[in-house]
Amino acid sequence: MDKKFCKFCGEEIEKDAIVCPKCGRQLKVIKKEEKSDSEKESKDTIDESSKFYSKAWFMWVMLVFFAPVGIFLMWKFHPEMKKNTKIILTVVFAILFLVIAFGNNGDETSTNNGDTSSNSRTNTVNKVKVEVIDFSGMSESEILIWCKEKKLNCDFKREYSDSIEKDGYIKQSVNATEQVTEGSKITITYSLGKEPTVSQKNAVRKAKEYLAVMTFSRDGLIKQLEFEGFSNEDATYGVDNVSVDWNEQAVKKAKEYLDTMAFSRDGLIKQLEFEGFTYEQAVYGVEQNGL
């Protein structure tokens, strides 16, 4: 059936009629066709091209002042440029950007290093020069006083020597008449005497062991080491090379006697002398215990 009725006037009209020929009323609403994807893309392209950042002048400004952004804009918004041209510009401006960025840091570092070197030279020049003297005829205390006055760091060390007696001067790290700056270090070396034999080293160890548990006079400890089998020479070396206060040993020995027996002052002095203490050491020991 190729006919239909107009919904407004009721007259019979053609089925495909859009407007009624009888009453003139529009029977269908004509919908605008949706825009195609190509039209949308075209519109988007037009919109993008109107933005300032897509302009050629802005791209060149960025290439000069901040190359990474300029390179991005060139590849994104300027298809009209040849690919080879883009590659060349990318390489050139990337290198230029890196040189500027890291070159400045290098200059700053060089400047800082230069300032540091300059300051170091200035400090060296400003330090006072000191002429070193001969320390061989001076005691350690005299050397320390002199070094303090001259603002030098002096220290001492000891080493064995076959030719120089114990406590004798051997050498100094900076020779006399040489000049050094304030704050310099000078080491003065003294002799420990000849290096001890194995037997002498053992005598020193044995003397220390006895003093750790008992009280002795010097002579008494030498006799005790001889009793242990050491020669008089080795025993004497062992006793003379331990750190001990013989006066203090006399005080301890006097107290030991007074804790177990009654003594007169003179009697205790004689007993300590019998133990090998000198008269002066015996008197000191007795007096320190109140007699």
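Author: A salt bridge is a side-chain nitrogen of Lys or Arg within 4 Å of a carboxyl oxygen of Asp or Glu. Before we start, residues are numbered from 1 along each chain as its sequence is written. This is a predicted model, where local features need pLDDT of at least 70, side-chain atom pairs count only at pLDDT 80 or more, totals for chains, interfaces and linings use all residues, and side-chain values use heavy atoms, leaving out hydrogens and water.

Reader: OK, how many salt bridges does the structure hold?

Author: Side chains of opposite charge can pair when their charged atoms come close. Going through the whole structure, the number of salt bridges is 10.

Reader: What is the N to O distance in the salt bridge of Arg-218 and Asp-219?

Author: Let's see where these two sit on the accessibility scale (buried is under 20% relative accessible area, exposed is over 50%, partly exposed is in between, with a 1.4 Å probe and protein chains only). Arg-218 has 31% and counts as partly exposed, and Asp-219 is partly exposed too, at 38%. Their side chains meet, and from N to O the distance is 3.6 Å.

Reader: How many helices does the protein chain have?

Author: Helices (H or I, at least four residues) and strands (E, at least two) are DSSP runs, numbered from the N terminus. The chain has seven strands, and its helices number 11.

Reader: What share of the protein chain's residues count as buried?

Author: The chain has 291 residues to go through. Put each one to the accessibility cut-off, and the buried share comes out at 28%.

Reader: What share of the contacts in the protein chain comes from residues 24 or more positions apart?

Author: A contact here means heavy atoms within 4.5 Å. Take the contacts with a separation of 6 or more as the whole. Of those, the pairs 24 or more positions apart make up 49%.

Reader: Let's look at one helix. How far does α9 reach from its first C-alpha to its last?

Author: Helix α9 covers residues 246-260, which gives it 15 residues. The expected span of a helix is 1.5 Å times one less than its number of residues. For α9 that expectation is 21 Å, and the model comes close to it with 22 Å.

Reader: Which residues of α9 are buried?

Author: Cover for the buried residues of α9 includes α6 (198-213), α7 (218-227), α8 (232-240), α10 (265-274) and α11 (279-287). As for the buried residues of α9, they are Trp-246, Gln-249, Ala-250, Val-251, Lys-253, Ala-254 and Tyr-257.

Reader: Is Lys-253 buried or exposed?

Author: Lys-253 shares a salt bridge with Glu-256 (3.4 Å, N to O). Its partner Glu-256, at 37% relative accessible area, is partly exposed. Lys-253 has a relative accessible area of 12%, so it falls under the cut-off and counts as buried.

Reader: How many residues apart are Lys-255 and Asp-259 in helix α9?

Author: The side chains of Lys-255 and Asp-259 meet in a salt bridge at 3.2 Å, N to O. Lys-255 is partly exposed at 45%, while Asp-259 is exposed at 55%. They are about one helical turn from each other because their spacing in α9 is four residues.

Reader: What do the buried residues of α11 pack against?

Author: In α11 the buried residues are Gln-281, Ala-282, Val-283, Gly-285 and Val-286. The helices that these residues pack against are α9 and α10.

Reader: How far apart are the C-alpha atoms of Glu-233 and Gln-200?

Author: Glu-233 belongs to helix α8, and with 60% relative accessible area it is exposed. Along the chain, Glu-233 and Gln-200 are 33 residues apart. In space, the separation of their C-alpha atoms is 8.4 Å.

Reader: And His-78: which residues is it in contact with, leaving aside its neighbours within four places in sequence?

Author: His-78 sits in the loop between α3 (67-77) and α4 (83-126). A relative accessible area of 3% puts His-78 among the buried residues. With those sequence neighbours set aside, the contacts of His-78 are Ser-54, Lys-55, Ala-56, Met-59, Leu-73 and Lys-86.

Reader: Last one: which residues are linked with Arg-158 in a network of salt bridges?

Author: So far we've looked at salt bridges pair by pair. Here Arg-158 belongs to a network of salt bridges, linked with Glu-140 and Asp-167.
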